[in-house]
Amino acid sequence: MVNVLRKIKDLFSTSSRTDFARNVVFLGRSSGEVDALVLVDAFRGTYYHSFWRPLKESDSVRVAVIDSILAADHKYLFKYIAEIRPRCVFLSRFQCSFHQELQAFLESSHIPYSYHIDDDLFQIPVELGAEKMGMHGKPEVIASRRNLAERSSFIYASTPFLQERLQTVFPLQKIYHGDIYASFFELPKVPRSKDIFRVGYMGTKGHQEDLNLVLPGVISLMKRYSKMEFEIFGRLDLPDDFKEFGERVHFLPDIASYEQFISALNQRAWHVGLAPLVDSDFNRCKAPTKYTEYSSCGIVTVATGIPPYSHVIDSTRGVLCENTQWESVLENLIVNPAQVETLANNAQDYCRREFSVEKLRNQVHGFIDQLIRA
């Protein structure tokens with residue numbers, strides 16, 4: 001009986017509610033009603049691309065954001081939602097042990113919600129590795145996401161291919177896709193060295209199989225071109241063959257803040273950024289994020305010629321190749337520095353026009369309006 005009373009007292013504790021509210025992030029307008037609440041799995045790339053970047057300076061909406069760590073204490077979460085009364089809710093890759101209670105609470109509160117997703121997290125290939133499978137492949141995690149997505153007003157998918165793939169998982173659900181996922185950054189121009197040709201790749205452990213596609217070609221070129229350097233941004237492994245290149249190989253640590261990451265990438269002054277992909281349905285669902293990030297930094301993208309890159313890259317603003325052509329394609333760029341500069345400039349012009357933050361902001365505003373009317 002004492003424990004029950006203590007829990008009830010804690011639930012209505014002003015200080016506890018204040019602590020919870022203090023950790024909620026707000027985007028957009030500084031005051032007024034909350035147009036949308038976004039529950040995110042984490043303050044990582046998906047959040048920064050999909051909500052933070054387009055909405056942080058919006059004067060049309062006010063959006064509250066809560067991550068899964070804060071939301072885990074769901075008694076305060078439900079109380080907070082009841083207090084701020086958002087007009088709608090987006091669940092961005094969100095999963096939780098109380099998914100049934102959350103879904104029932106939102107329905108009983110007459111708050112429409114959408115499930116936002118940027119990967120096919122319902123059909124995860126083992127090639128992503130043990131770490132990613134441990135995070136996303138557990139049956140209870142998939143069941144949570146599936147229940148929330150299935151009962152939502154609609155699913156907001158990041159790409160057309162992902163929309164099509166999810167439609168096979170949820171044949172009766174309404175699923176829409178955005179035209180833009182990652183928007184273009186205006187960054188200071190960093191000059192490139194004429195004496196060094198710097199090639200780089202950025203990614204997490206789950207992209208090791210993708211990176212492995214290009215490594216034989218990179219090793220061969222570094223043996224033949226002493227001015228070539230290779231950099232890895234992220235927690236990935238290289239074979240022992242790279243040891244002979246000494247200080248021409250650099251490992252750059254993860255950076256948690258997205259703004260700091262994109263600024264650091266820009267400062268590295270790569271000539272070429274690699275975007276290899278194993279050809280799979282899972283990878284075809286992805287957005288061309290590396291292309292917009294590389295282009296923002298004045299880096300030429302060399303990518304596997306499949307979606308997501310084949311829809312945005314042509315021969316004037318990047319290079320598409322088969323996974324057997326990495327060495328020859330990169331060598332052509334090493335010996336043609338003028339072409340590298342032209343491709344980089346064209347890619348920036350294209351992404352500045354087609355992937356502007358204004359376009360992304362209008363897209364997200366449209367989905368908020370659509371959900372409020374649901």
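This is a guided walk through the fold, from the whole chain down to single side chains. The model is predicted, so to speak of local features a pLDDT of at least 70 is needed, side-chain atom pairs count only at pLDDT 80 or more, and totals for chains, interfaces and linings use all residues. Residues are numbered from 1 along each chain as its sequence is written, and side-chain values use heavy atoms, with hydrogens and water left out.

Let us begin with the overall picture. The chain holds 17 helices and 13 strands; helices (H or I, at least four residues) and strands (E, at least two) are DSSP runs, numbered from the N terminus. Its radius of gyration is 22 Å, close to the 21 Å that the globule rule gives for 374 residues, so the chain is as compact as a globular protein of that length. That radius is taken over C-alpha atoms, and the globule rule is 2.2 Å times the number of residues to the power 0.38. Along its principal axes, the C-alpha trace spans about 75 × 40 × 40 Å. Of the 374 residues, 54% count as buried, where buried means under 20% relative accessible area, exposed over 50%, and partly exposed in between (1.4 Å probe, protein chains only). Among contacts between residues at least 6 apart in sequence, 73% join residues at least 24 apart; a contact here means heavy atoms within 4.5 Å.

Now for the sheets. Strands of a sheet pair through backbone hydrogen bonds, either parallel or antiparallel. Two strands are taken as paired if DSSP finds at least two bridges between them. One open sheet has seven strands in the order S1-S3-S2-S4-S5-S6-S7, with mixed pairing. At its edges stand strand S1 (25-28) and strand S7 (175-177), each with a single partner strand, so one side of each is left without a neighbour in the sheet. From one strand to the next, the twist averages 25°. Such angles run from 0 to 180 degrees between N-to-C directions, and the axes are lines fitted to C-alpha atoms, for helices over the stretch in contact. Within this sheet, strand S5 (residues 113-117) and strand S6 (residues 154-157) run parallel and are joined by four bridges; look for Tyr115 standing opposite Ile155 in S6. Helix H5 (residues 74-84) lies across S1, strand S2 (36-40) and strand S3 (62-67), and runs at about 175° to S3.

The other open sheet to visit has six strands, ordered S10-S9-S8-S11-S12-S13, with parallel pairing. Strand S10 (249-252) and strand S13 (319-321) are the edge strands, each pairing on one side only. Here the twist averages 20° from one strand to the next. Strand S8 (residues 197-202) pairs with strand S11 (residues 272-275) in the parallel sense over two bridges, and Val199 stands opposite Val272 in S11. Helix H14 (residues 289-296) packs on this sheet, touching S8, S11 and strand S12 (300-304), with its direction at about 145° to that of S8.

Helix H14 also contains Ser296, which is buried with a relative accessible area of 2%. Leaving aside residues up to four places away in sequence, Ser296 touches Phe184, Phe185, Leu187 and Gln348. Another helix worth a look is H11 (residues 215-224), whose buried residues include Leu215, Val218 and Met222. The cover over the buried residues of H11 includes helix H10 (208-212), strand S9 (228-233), S10, S11 and helix H15 (326-334).

Finally, turn to the aromatic rings. Rings of Phe, Tyr and Trp (its six-membered ring) pair if their centres lie within 6.5 Å; planes under 30 degrees apart count as stacked, over 60 as edge-to-face and the rest as tilted. By this rule there are 22 aromatic pairs. In one of them, the rings of Tyr48 and Trp52 have centres 5.4 Å apart and planes at 80°, so the pair is edge-to-face. Tyr48 and Trp52 are both buried. Tyr48 also forms a stacked pair with Tyr258, at 6.2 Å centre to centre and 20° between the planes. This second pair links distant parts of the chain, with Tyr48 in helix H3 and Tyr258 in helix H12 (residues 258-267), 210 residues apart. Tyr48, Trp52 and Tyr258 belong to one aromatic cluster, which also includes Phe43 and Phe185.
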